[in-house]
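Hello,

Here is the structure I said I would pass on. Please look through it first; my notes follow below.

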Amino acid sequence: MIVGGGLHGLATAYYLAKTHENSDVAVLERNWIGGGNAGRNTTIVRSDYHLPGNREFFEHSLELWENLSHELNYNVMFSQRGYVSLVHSPSSEDERARAFNIMRMTGSDGEYWPLQRVRKEIPLLDFERARFPIHGAFCQPRAGTARHDAVVWGYARAASALGVDIIQNCEALGFERDGCSVDAVMTSRGRIGLNKLGLSVAGSTSRLWEMLGLHDLPLESHLLQAFVTEPVKPILNHVIAFIVGGQDFYINQSDKGGLVFGGDLDGYKSYRQRGKPGVAADTAASALSILPSFARAQMLRGWAGLCDMTMDGSPFICDTPLDNVYLNAGWNYGGFKATPAAGTFFADLIQNRRPSDVISRFRLDRFARGHCIDEHGLGPIPKAHG
Ligand SMILES: Cc1cc2nc3c(=O)[nH]c(=O)nc-3n(C[C@H](O)[C@H](O)[C@H](O)COP(=O)(O)OP(=O)(O)OC[C@H]3O[C@@H](n4cnc5c(N)ncnc54)[C@H](O)[C@@H]3O)c2cc1C
């Protein structure tokens, strides 16, 4: 039984059925599949993580993305248009250089673009009057975007064809426990017995954790918003991102033409999927600080998702204090790109009851053991990790 019909729940069900030939699987979704973060993200796929654990996991995920449309026989519109991370100071250049050197030394792709190259590739950027002058950029050419709801439908269709039951409008409301194992889930549509339980509920993980009678989950739920403008003709060929003054910003143009962009978390814990209005203004200001011509675009809509933020910014794919319950959570705001690998390794963990080497660091007890995976060196402040 998988609770959560987002990308990770559906991908896990698919790999259980496909790789492990186990189609005795049900996915419970309280609303409609893809109605959570799966359908609310900014669709960026990259693998520029450099710490052991994250490095091999996200690189493997990117490799899986490269064949995903064929794997699912469904066009997920994966577009390797390149992820360009702008640098605005010598220290950010050093930090990015270190990450990109590690990526290249471990078989991935990555390029340094001096200022002349950035000017040539992305002439729209403001090189003369930007509040934080652009020094150069690092680009991962194999990175890009995919269409998020196509990925949901692709996994759901393929899993369903292999015999997986996907049950929508069915909320998990409680669990029947027998000592250290769970026998059944109580849902809005009745009781369902189970042998093994996998949680893939992103920002709702702490709620289900409590329903299971468990405590001390090292995770907080925070809101992240994204925005899109009216469609315009193709003008932005890459994904662009930067961090200055602690403010995160990323933008790409969707295949429909809208400029899709986002920034930082709203800054407080919440279970509402509705963001605070001031964040729209701050994020739009970030856009205009490097792309002033976008001031003429009309904003069409904005939305918020519920992110499962961990103390070190890295995820969990692991067992739990209960014998037959497994956890997939803590994706912060980077779980879209993780989808194929998270599904692969979570399915493997549930099926074989032991973690593959690749996810052996994604454990709940890593904080107690002092083995954090803190990519940005920001410490135990969940809202600081993007
Ligand atoms: C604004 C925004 C932008 C983002 N941008 C990016 C990006 O560019 N790149 C990237 O890699 N990642 C990005 N992310 C993160 C990414 O979207 C998430 O990490 C990822 O989607 C989480 O996995 P999921 O799809 O399984 O989650 P979800 O889609 O949230 O799935 C969880 C599901 O569980 C269901 N559920 C919850 N409680 C219950 C219950 N009691 N019973 C039954 N079902 C339940 C929910 O309804 C939901 O459908 C972004 C997130 C947001 C919010």
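Which residue is the bridge partner of V3 in β12? The partner is L199. Please keep in mind that this is a predicted model.

That pair belongs to the contact between two strands: β1, residues 2-3, and β12, residues 197-199, run parallel and are joined by two bridges. As general background, strands of a sheet pair through backbone hydrogen bonds, and the pairing is either parallel or antiparallel.

Both strands sit in an open sheet of six strands with mixed pairing. Reading across, the order is β8-β2-β1-β12-β19-β18. The edges are β8 (165-167) and β18 (316-319); each has a single partner strand, so one side of each has no neighbour in the sheet. Helix α9, residues 339-352, packs on this sheet and touches β12, β18 and β19 (325-329). The direction of α9 makes about 170° with that of β19.

Now the whole chain. The secondary structure of the protein chain consists of nine helices and 19 strands. Its C-alpha atoms fill a box of roughly 65 × 40 × 40 Å along the principal axes. Why does the chain agree with a compact globule? For 386 residues, such a globule would have a radius of gyration near 21 Å, and the protein chain has 20 Å, so the two agree.

Of the 386 residues, 48% count as buried. If you take the contacts between residues at least 6 apart in sequence, 74% of them join residues at least 24 apart.

Regards

Methods: Residues numbered from 1 in each chain as written. Predicted model: local features only at pLDDT ≥ 70, side-chain atom pairs only at ≥ 80, totals over all residues. Pairing = 2+ DSSP bridges. Helix = DSSP H or I, 4+ residues; strand = E, 2+ residues; numbered from the N terminus. Contact = placed C-beta atoms within 7 Å. Axes fitted to C-alpha atoms, helices over the stretch in contact; angles between N-to-C directions. Rg over C-alpha atoms; globule rule 2.2 N^0.38 Å. Buried ≥ 20, exposed ≤ 12 C-beta atoms within 10 Å, placed from the backbone.
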